[in-house]
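Let's take a walk through this structure, starting with its charged side chains and then moving on to its rings. Have it open in front of you as you read.

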Amino acid sequence: MPSSKNVQGGKAFGLLKEQQRQKLEEINKEYMEDQKYRDEEDLPDKLESLKNKYAEFDLNDQGEIDLMGLKRMMEKLGVPKTHLELKKMIVEVTGGSSNTINYRDFVKMMLGKRSAVLKLVLIFEDKANGSPCKPEGPPPKRDIASLP
């Protein structure tokens, strides 16, 4: 019979994810109270979106996006990069202080005035997802007179 200390499976994973989301939410509250970002429009919505995007690519569930998480993110966005390019992106975001991108660095990059490559790609993805190219649903009904 498994011990209660070594919990595995869906319940433990759900608890871990919930703890991480609470930590990210606490950081979001700090940004909401920060004078520097108060005049940012739709700040609560932006922070919520960033939190969800960050959590999606935190592959090792340590609260940081590592090289492989960044690689997966870029591939999913349709912009695959080499390991050297990914390392340069991480250095650009963190200022060379770490080999991983933590949530604070991620939010500073996305809300800041500097235009990091990762920021540009993520903004481009949002714009591309915002306006669908193909109309959804069945095609409109046409009569015989409207045909060429």
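How many salt bridges does the structure come to? The count is 4 salt bridges, and keep in mind that this is a predicted model. The table sets out three of these pairs.

| Salt bridge | N to O distance |
|---|---|
| E25 and K51 | 2.8 Å |
| K51 and E48 | 3.5 Å |
| E75 and K71 | 3.3 Å |

Start with E25 and K51, whose side chains meet at 2.8 Å, N to O. This pair ties together distant parts of the chain: E25 belongs to helix α1 (residues 10-33), K51 to helix α2 (residues 43-57), and 26 residues separate them. Is K51 buried or exposed? K51 counts as buried, because its relative accessibility is 8% and the cut-off for buried is under 20%. E25, on the other hand, is partly exposed at 29% relative accessibility.

K51 has another partner as well: the side chain of E48, with 3.5 Å from N to O. Here both residues sit in helix α2, and since they are 3 residues apart, about one helical turn lies between them. E48 is partly exposed, with 33% relative accessibility. Put these pieces together and you get a network of salt bridges linking E25, E48 and K51.

Then there's E75, which bridges to K71 with the closest N and O atoms 3.3 Å apart. You'll find both in helix α3 (residues 67-76), 4 residues apart, or about one turn of the helix. E75 comes out as partly exposed because its relative accessible area is 44%, and partly exposed runs between 20% and 50%.

Now for the rings. How many aromatic pairs does a search of the whole structure find? It turns up 2 aromatic pairs. One of them is Y54 with Y103, an edge-to-face pair with 5.1 Å centre to centre and 65 degrees between the planes. These two come from distant parts of the chain, with Y54 in helix α2 and Y103 in helix α5 (residues 103-111), 49 residues apart. Y54 is buried, at a relative accessible area of 1%, and Y103 is buried too, at 2%.

Y54 also pairs with F106, and this time the arrangement is tilted: 5.3 Å centre to centre, with 50 degrees between the planes. Again distant parts of the chain are linked, as Y54 is in helix α2 and F106 in helix α5, 52 residues apart. F106 counts as buried, with a relative accessibility of 0%. So what do you get from Y54, Y103 and F106? They form one aromatic cluster.

Y54 leads us on to one more residue, I65. I65 lies in strand β1 (residues 64-65), and I65 is buried, with a relative accessible area of 1%. Which residues is I65 in contact with, leaving aside its neighbours within four places in sequence? The list is Y54, F57, D58, L70, M73, T100 and I101. So Y54 from the aromatic cluster turns up among the contacts of I65. There is also N99, which is 34 residues from I65 in sequence and 9.0 Å from it in space, C-alpha to C-alpha.

Technical notes:
Residues numbered from 1 in each chain as written. Predicted model: local features only at pLDDT ≥ 70, side-chain atom pairs only at ≥ 80, totals over all residues. Heavy atoms only, no water. Buried < 20%, exposed > 50% of the residue type's maximum accessible area, 1.4 Å probe, protein only. Contact = heavy atoms within 4.5 Å. Phe/Tyr/Trp six-rings, centres within 6.5 Å; stacked < 30°, edge-to-face > 60°.
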